[in-house]
Amino acid sequence: MVKTQELKLRETRTGDIVDITGGLAEAVRQSGLSSGTMTVFCPGSTGGLTTIEYEPGLQKDLPEFLERIIPSDRPYHHDETWHDGNGFSHVRSALIGPDITVPFVSGQLTLGTWQQVVFLEFDNKPRQRRLVLQIIGE
């Protein structure tokens, strides 16, 4: 069986890391499915999904690392095309990826003890985000 839901996020800003684990767990519960997989997808090309230990140190480390490898203050060819200054946002999104799949068993996400699923906002302007959750299981 396939169930599709949406998870709407409050307005996000560049550098936001949003713990969405609770929302995903609730979606699995609401689906009525016991075991399967949930794919979370971010429509758009300036957001990302991954897992981290959602603690203050990593909430600083991850954005600092991305700034080092994909600086926001340099020109990107994308900016020459669209003149929107968010070329770095697209490159970061391509690196991290717009989706993640998490298995669930007995109605519970199979995440590690210190592992949370997070949404990363890379765009250079505030956004209203809508994540698509596709839950497949029995």
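Colleague: Glad we can look at this together! Is R130 buried, partly exposed or exposed?
Modeller: This is a predicted model, and in it R130 has a relative accessible area of 36%. Buried would need under 20% and exposed over 50%, so R130 counts as partly exposed.

Colleague: Thanks! Which residue forms a salt bridge with R130, and in which strand is that residue found?
Modeller: The closest N and O atoms of the pair are 2.9 Å apart, and the partner of R130 is E6. The two are 124 residues apart along the chain, with R130 in strand β8 (residues 127-137). E6 belongs to strand β1.

Colleague: Nice. What about R129: with which residue does R129 form a salt bridge, and is that residue buried or exposed?
Modeller: The closest N and O atoms of this salt bridge are 2.7 Å apart, and the partner of R129 is E121. R129 has a relative accessible area of 3%, which makes R129 buried. For E121 the value is 1%, so E121 is buried.

Colleague: Let's turn to helix α1. Why do its buried residues lie on the same side?
Modeller: The buried residues of α1 (residues 21-31) are T21, L24, A27, V28 and S31. In an α-helix, residues three or four places apart point the same way. On the other side of α1, G22 and R29 are exposed. The buried residues lie on the same side because they cover an arc of only 125°.

Colleague: One more, please! Which residues make the nonpolar surface patch?
Modeller: One member sits in helix α2 (residues 56-69), namely I69, which is partly exposed at 42% relative accessible area. The patch covers about 270 Å², and its residues are F65, I69 and L95.

Methods
Residues numbered from 1 in each chain as written. Predicted model: local features only at pLDDT ≥ 70, side-chain atom pairs only at ≥ 80, totals over all residues. Heavy atoms only, no water. Patch = residues over 30% accessible without salt bridge, like charges linked within 9 Å, V, L, I, M, F, W, Y side chains within 5 Å. Areas by Shrake-Rupley, 256 points an atom, 1.4 Å probe, with all protein chains shown as cover. Salt bridge = Lys/Arg side-chain N within 4 Å of Asp/Glu carboxyl O. Helix = DSSP H or I, 4+ residues; strand = E, 2+ residues; numbered from the N terminus. Buried < 20%, exposed > 50% of the residue type's maximum accessible area, 1.4 Å probe, protein only. Arc of directions from axis to C-beta.
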